[in-house]
Amino acid sequence: MGELLYSSTRGGESGCTASEAVLKGLAKDGGLFMPERIPRFDFALPELKDASYQEVAYRVMRLLLTDYSEEELRACIEGAYDEKFDTPEIAPLTFADDAYYLELFHGKTIAFKDMALSILPYLMTTAAKKNGVTNKIEILTATSGDTGKAAMAGFADVPGTGIVVFYPKGGVSRFQELQMITQKGDNTAVVSIEGNFDDAQTAVKQIFGDRAFEAELAAKKVQLSSANSINIGRLVPQIVYYVHAYLELLKEEKITEGEKINVCVPTGNFGNILAAYFAKRMGLPIDKLICASNDNKVLFDFFETGVYDKNRDFILTTSPSMDILVSSNLERLLYLSAGCDAAKTKALMEALQSGGKYALSAEMRAAMADFAGGFATQEEVAERIRSLYEKTGYVIDTHTAVASKVYEDYRKTSGDTKPTVIASTASPFKFSRAVMEAIAGDVSALDDFAVLDELRKKAGIPFPPAVEEIRNAEVRHTRSCKPEEMKEQVREILFS
């Protein structure tokens with residue numbers, strides 16, 4: 001197995017090792033790093049059906065992160081997937097109403113971002129050592145609610161690193177906000193911005209592209225990197241849980257060897273569903289990748305029409321982590337669908353930048369035939385939470401409910417009854433008010449913690465440690481700014 005090198009989707013950078021791509025986060029030309037080829041599994045799936053999550057992670061990730069030694073990669077995996085997760089399976093499957101819910105919320109911050117962000121600090125600090133980097137690595141991240149907390153939990157007090165997180169004020173749930181503004185760690189900083197997630201994400205990308213600022217930081221022995229899903233070090237660990245889910249179904253004899261499954265993913269920035277697509281390209285028997293959107297249905301429209309158009313109203317919904325109009329990771333799918341043509345990808349991204357839209361060629365659309373799209377309104381999401389609870393007693397959060405509703409519709413209209421895995425991306429406790437309103441009606445008279453208590457009774461499951469922590473945590477971060485002031489905030493945090 002030769003070394004796998006990485007290049008930018010826009011052609012401006014190539015020949016990077018995996019560890020260099022992890023360290024840089026974003027390529028210098030604004031593109032995203034992609035492997036020069038997607039490797040195939042070098043094992044037969046049944047061989048691993050009794051393997052631990054950690055072993056599956058090693059066997060999958062070694063194919064993409066080829067310049068990490070076995071010892072380095074195993075140390076990263078063991079450090080990440082340990083008792084920080086409240087179940088030894090790490091990502092258990094629960095069957096409810098004709099689908100398998102892949103519970104990706106058993107980590108420290110009770111959202112799927114923990115699956116990759118618990119390992120990213122290990123991958124990054126190992127990469128720094130391998131590449132002789134002595135600068136401080138400052139992680140700069142925009143969050144729609146979950147990435148920020150999970151990244152801070154991962155990087156808090158990790159030597160040689162720091163992290164600054166920007167989030168949209170009013171654009172995250174109160175629980176998400178409390179998780180962030182109470183974060184401990186001398187190297188953590190959180191700033192709310194007056195704007196939405198896309199404003200935060202755009203400004204962060206501009207800071208990454210600012211060469212003068214880069215030089216200013218370098219003179220002070222600091223370099224920026226990203227913990228957003230644009231970092232290949234986020235994407236690679238996410239492939240693992242789809243392989244793990246398939247192996248669980250094999251082990252439980254719910255499917256036979258080689259039998260195809262569908263995967264349905266609530267989608268915002270497109271990283272989570274893209275990881276499932278990578279798994280398919282590597283040899284996992286996945287048929288359809290069902291991309292579920294909320295009222296911000298830019299991706300649904302894209303798969304329906306072949307036109308990506310972000311020129312529309314931004315809607316704040318009960319599934320805020322999906323309130324996104326610019327899905328950064330879609331660029332990687334464009335690149336693959338254009339036959340890895342960087343010039344074509346760059347032209348599409350420039351059209352998005354200048355006019356807010358682009359259209360696919362017929363060939364590119366045909367290359368995306370594995371994807372199906374669907375969307376669910378807030379009313380449908382609430383109804384789905386309630387109906388699933390009444391039918392089965394199983395409680396899901398608002399994001400998972402988007403996927404659950406979209407899958408229910410897909411199954412009815414397509415007649416496709418293949419076994420389906422739904423990515424369950426957050427604990428219902430993380431969005432307790434919206435979940436409780438869906439199940440029990442108006443809870444406006446209750447404070448946030450009373451709502452959590454009521455939900456615990458309904459769901460019949462104990463509080464995860466993340467909920468207990470938040471009750472008495474002290475607010476440590478109170479910074480706020482406009483999007484155009486974000487670079488100045490970074491400068492102040494780092495050097496004042």
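How many of the eight residues of helix α7 are buried? I shall open with that question and then move outward to the sheets around the chain. Please keep in mind throughout that this is a predicted model.

The answer is seven: helix α7, residues 174-181, is mostly covered. Its buried residues are Phe175, Gln176, Glu177, Leu178, Gln179, Met180 and Ile181. The elements that cover them include the helices α6, α19 (448-459) and α20, together with the strands β6 and β7.

One residue of that surrounding layer deserves a separate word. Isoleucine 470 lies in helix α20, which spans residues 465-471. Is isoleucine 470 buried or exposed? With a relative accessibility of 7%, isoleucine 470 counts as buried, because the cut-off for that class is under 20%. Setting aside neighbours within four places in sequence, isoleucine 470 is in contact with Phe175, Leu178, Gln179, Thr182 and Phe449. By contrast, alanine 27 is 443 residues away along the chain, and its C-alpha atom is separated from that of isoleucine 470 by 36 Å.

I turn now to the sheet that contains β6 and β7. Five strands make up this open sheet, in the order β8-β5-β6-β7-β15, and their pairing is parallel. At the edges stand β8 (222-225) and β15 (479-481); each has a single partner strand, so one side of each is left without a neighbour in the sheet. On average, neighbouring strands here are turned by 25° against each other, direction ignored.

At one edge of this sheet, β7, residues 188-193, pairs with β15 in the parallel sense over three bridges. Within that pairing, serine 192 stands opposite serine 480 of β15. Helix α6, residues 147-155, packs on the sheet and touches β5 (136-142), β6 (161-168) and β7. The direction of α6 makes about 165° with that of β6.

The next sheet is also open, with six strands in the order β3-β4-β14-β9-β10-β13, and its pairing is mixed. Its edge strands are β3 (93-96) and β13 (371-375), each of which pairs on one side only. The twist from one strand to the next averages 25°.

Which way do β3 and β4 run relative to each other, parallel or antiparallel? They run antiparallel and are joined by four bridges. Leucine 93, for instance, has leucine 102 of β4 as its bridge partner. The two strands form a hairpin with two residues between them, and aspartate 97 in the turn has a positive phi of about 50°.

On its other pairing, β4 meets strand β14, residues 420-424, in the parallel sense over four bridges. Here leucine 102 stands opposite alanine 423. Strand β4 itself, residues 99-103, is mostly covered, with five of its five residues buried. Ala99, Tyr101 and Glu103 point one way from the strand, while Tyr100 and Leu102 point the other way.

Further along the order of this sheet, strand β9, residues 261-266, runs parallel to β10, residues 286-293, and five bridges join them. Valine 263 has leucine 289 of β10 as its bridge partner.

Let me now consider a pair of helices. Two packed helices are described by the angle between their axes and the distance between the axes. The axes of α2, residues 53-61, and α3, residues 70-80, come within 10 Å and cross at roughly 135°. Why is α2 described as oblique to α3? The crossing angle of roughly 135° is the reason, because oblique covers what is left outside the ranges under 35, over 145 and 65 to 115 degrees. The crossing is right-handed.

From α2, the contact is made by Gln54, Glu55, Ala57, Tyr58 and Met61; from α3, by Glu70, Leu73, Arg74, Ile77 and Glu78. By class, the residues of this contact divide into five nonpolar, one polar and four charged.

Finally, I come to the loop between β2 (33-35) and α2, where arginine 37 is found. Arginine 37 is partly exposed, with a relative accessible area of 40%. Not counting residues up to four places away in sequence, arginine 37 touches Gly2 and Leu4. Its C-alpha atom is also 8.5 Å from that of leucine 5, although the two residues are 32 apart in sequence.

Key
Residues numbered from 1 in each chain as written. Predicted model: local features only at pLDDT ≥ 70, side-chain atom pairs only at ≥ 80, totals over all residues. Heavy atoms only, no water. Pairing = 2+ DSSP bridges. Axes fitted to C-alpha atoms, helices over the stretch in contact; angles between N-to-C directions. Contact = heavy atoms within 4.5 Å. Left-handed = near helix turned anticlockwise from the far one by under 90°. Nonpolar A, V, L, I, M, F, W, Y, C, P; charged D, E, K, R; others polar. Buried < 20%, exposed > 50% of the residue type's maximum accessible area, 1.4 Å probe, protein only.
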